[in-house]
Structures are given as structure tokens and as C-alpha cells.
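Me: I have a new model open and would like to learn how to read its features one by one. Could you walk me through it?

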Amino acid sequence: PVNIKVATEASLHRLMRQFRDCVLLIDDAAPSVSGNEVTYKKCENIVRAVGDDTGRIVAGRNNKVNIYKPSGLIALTGEFVPLRDTSSISRCIIYKLEKGSINPKKLYKLQKNKDIYVQCIIDYISWIYDNLDEYIAEITDLHVNYRKNLQKNLSKIHSRFPDNVSWLYAVFDMFCKFLIDIYSVPKNMIKQWKKIFKTAINRTIKENKLYLKQQNDAKLFIETLQNLINQKQVDLVPIIIKEKNKKSAIENPTTIGYYDDTYVYLKPEIAYASTSKWLRNNIQSGYSLPLQALLNSLKEQNMIIPD
């Protein structure tokens with residue numbers, strides 16, 4: 001695996017190109033006490049590079065210009081989702097592993113027999129190469145059919161999402177066909193694996209929907225707050241510094257916070273209640289998140305600084 005905190009953006013683009021025939025594992029996207037801005041920037045840039053099929057120009061030796069155009073798949077692991085922009089999030093499939101969801105004994109057995117996994121990947125790539133034209137035609141048809149069936153429901157989450165899930169279904173179907181053709185895996189076992197796969201997909205659909213909704217709620221909060229301030233339905237009052245550096249402010253019934261020369265200080269409960277009430281009255285919809293979860297989302301997106 002590649003460590004996201006150690007690797008540079010240029011090295012990540014280069015590795016994505018080199019590992020285009022397999023899944024590149026990028027690990028250790030863990031929150032840091034010193035801030036996560038660098039991790040966010042790296043992750044969003046590489047996700048966009050793969051999603052948009054764009055490259056990175058890097059100067060090499062003897063004035064040679066190298067263009068590293070990433071392709072393939074990336075598995076990005078960590079203790080939080082290192083993406084803030086909804087456009088970047090929509091290019092990914094988010095899956096949350098709960099504690100205890102992986103059997104350590106089975107994992108140890110897989111790690112002990114890692115050579116079998118490597119040989120399986122080699123066999124899979126060889127099988128694709130030997131049946132390339134048929135493979136491309138069949139996986140394309142599968143993708144189109146899955147997308148047609150999923151478009152109506154999943155496009156409500158994001159316009160890109162039906163495409164992402166359809167490719168997962170199509171690739172899994174083709175991998176199952178490979179297992180039957182090359183390893184003669186019994187169909188009843190394939191059926192069981194497909195059931196597990198479908199359960200995992202349904203779970204990740206809920207996870208992606210929730211995460212995108214959280215990002216949207218945070219932006220909705222800031223936009224609604226700004227709108228209410230502009231309409232003078234709520235207000236921010238200045239902090240007055242008196243003798244001996246004592247601070248005070250003159251409040252009124254519509255006060256949701258204070259400001260000085262540097263910051264705005266919100267009263268979270270009042271700001272949340274005021275914006276939520278306006279949303280319910282004007283667009284018949286409120287937040288999907290309770291106050292503390294909304295504050296956490298705002299913090300993760302660097303929209304607020306905790307006091």
C-alpha cells in the first residue's frame with residue numbers, strides 16, 4: 001500500500017499509471033491533530049484525476065516533460081472520508097466497515113495464502129486478454145442494462161452514482177463468469193456470493209446517500225444563515241471591549257451570534273433553530289442532521305472553527 005501522508009501528488013499519479021491493471025491501495029487517510037488540509041487536497045486531486053481521465057505534467061531530466069495519466073481503480077482507506085466536495089464524493093463508492101465485520105481468522109488465512117490471490121489476478125487478466133472482444137462487448141451490455149434499471153432511483157443521490165454502481169455490478173458479473181469458466185466454481189456458490197455482493201451494494205448506497213446529504217446540509221446551513229442575515233430576520237452584534245479588556249455585547253431577540261475584527265461567533269442552538277424554522281416554513285424541508293452532527297460536518301468541511 002501507498003501511504004497518503006508520505007507520498008507526493010506526483011508520485012501518486014505515477015503509481016496510478018503503473019498499477020493500472022490492478023487496484024492501487026492508498027492507505028492511512030487518518031485525521032490529524034495538526035489539520036487534514038494536505039490529505040484532503042491530495043485525495044480530491046487524485047479522485048478527480050481518475051474520474052475526469054486527466055493527467056499531471058511533471059518536469060523530468062534534460063527538460064523532458066512527463067505526462068502521468070492515471071487509470072485503473074483506487075482503494076482509499078482511512079478513519080474518515082478525506083473528501084469534502086460533492087463532485088469528488090460522487091466519483092467514489094464509500095463503504096464503512098463496522099467493528100467486527102471482518103473475521104480475523106479468515107483474514108489471516110487469506111494473508112497466509114496471498115500467492116493464491118496473486119495467481120487468481122494473473123489468471124483473470126489472462127482470461128480477459130484471451131476473450132477481449134467478447135469481454136468488452138458483454139461488460140458494456142451489462143453496464144448499459146444495469147444503468148437503465150438503476151437510473152431512476154440512484155440519480156436522486158447524484159447524477160454520477162448510477163454509473164458507478166452499474167460498473168460494479170457489471171464487473172462482478174464478469175468476474176463470476178471467469179470463476180465458473182476457469183475454476184469451475186459451483187453455481188450455487190456463485191449465487192451465494194452474488195447475494196452477499198448485493199447486500200454490500202445496498203449498504204454502500206445508503207452510506208453514499210447519507211454522506212452526500214450531510215455535505216449538502218452543511219452548505220445549506222451557511223447559505224440559509226447568510227440569507228436570514230441579509231433579510232435582517234436575524235442579526236450578529238458587535239463585541240464591545242470595555243475597561244480592563246472586558247468584553248460585552250448588546251443582544252436583542254433576533255441575535256444569533258457576535259463578531260469582532262477577526263471572527264464571527266455563533267450561538268449554535270439559536271442559529272440551528274432559526275435556520276431550521278425558516279427552511280420548514282419556506283421550502284417545507286429541514287435538515288436531515290441533528291445539531292451536533294451538523295456541527296461536526298461543518299467542522300470537517302472547514303466551515304467553522306470550534307471554540
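Reply: Happy to! Keep in mind that this is a predicted model. Let's begin with burial in a helix: Tyr 135, Ile 139, His 143, Leu 150 and Leu 154 are the buried residues of H6.

Me: What covers the buried residues of H6?

Reply: When a side chain is buried, look for the elements packed over it. For H6, the cover includes helix H5 (114-130), helix H7 (161-183) and helix H8 (187-230).

Me: And where is the kink in helix H6 centred?

Reply: Follow the helix axis and look for a change of direction. Helix H6 spans residues 132-154, and its kink of about 35° is centred on Lys 148.

Me: Let's turn to the backbone. What should I know about phi before I look at Ser 184?

Reply: The general idea is that most residues other than glycine have a negative phi. Ser 184 is not a glycine, yet its phi is positive, at about 55°. You will find Ser 184 in the loop between H7 and H8.

Me: Is Ser 184 buried or exposed?

Reply: Exposed: its relative accessible area is 57%, and the cut-off for that word is over 50%.

Me: What is the phi of Lys 232?

Reply: Lys 232 also has a positive phi, about 60°, although it is not a glycine. Its place is the loop between H8 and strand S6 (235-238). Lys 232 is exposed because its relative accessible area is 74%, over the 50% cut-off.

Me: Now the surface. Which residues form the nonpolar patch?

Reply: For a patch, look for neighbouring nonpolar side chains that are open to the outside. Here Tyr 95, Leu 97, Ile 102, Leu 107 and Leu 110 form one, and together they have about 490 Å² of accessible area. Take Leu 97 as an example: it sits in the loop between helix H3 (86-89) and helix H4 (104-112), and it is exposed at 54% relative accessible area.

Me: One last residue: where is Pro 31?

Reply: Pro 31 lies in the loop between strand S2 (23-29) and helix H2 (37-52). Its relative accessibility is 44%, so it counts as partly exposed.

Me: Which residues is Pro 31 in contact with, leaving aside neighbours within four places in sequence?

Reply: Sequence neighbours are set aside here to show what else the residue touches. For Pro 31, the contacts are Lys 5, Asn 36, Glu 79 and Phe 80. Look at Glu 300 as well: it is 269 residues from Pro 31 along the chain, and their C-alpha atoms are separated by 9.9 Å.

Note on methods
Residues are numbered from 1 along each chain as its sequence is written. This is a predicted model: local features need pLDDT of at least 70, side-chain atom pairs count only at pLDDT 80 or more; totals for chains, interfaces and linings use all residues. Side-chain values use heavy atoms; hydrogens and water are left out. The bend at a residue is the angle between axes fitted to the seven residues ending there and the seven starting there. Helices (H or I, at least four residues) and strands (E, at least two) are DSSP runs, numbered from the N terminus. Buried means under 20% relative accessible area, exposed over 50%, partly exposed in between (1.4 Å probe, protein chains only). Contact means heavy atoms within 4.5 Å. Patches are made of residues with over 30% relative accessible area and no salt bridge: like charges are joined within 9 Å, nonpolar side chains (Val, Leu, Ile, Met, Phe, Trp, Tyr) within 5 Å. Accessible areas come from the Shrake-Rupley method with a 1.4 Å probe; for residues, only the protein chains shown count as cover. A salt bridge is a side-chain nitrogen of Lys or Arg within 4 Å of a carboxyl oxygen of Asp or Glu.
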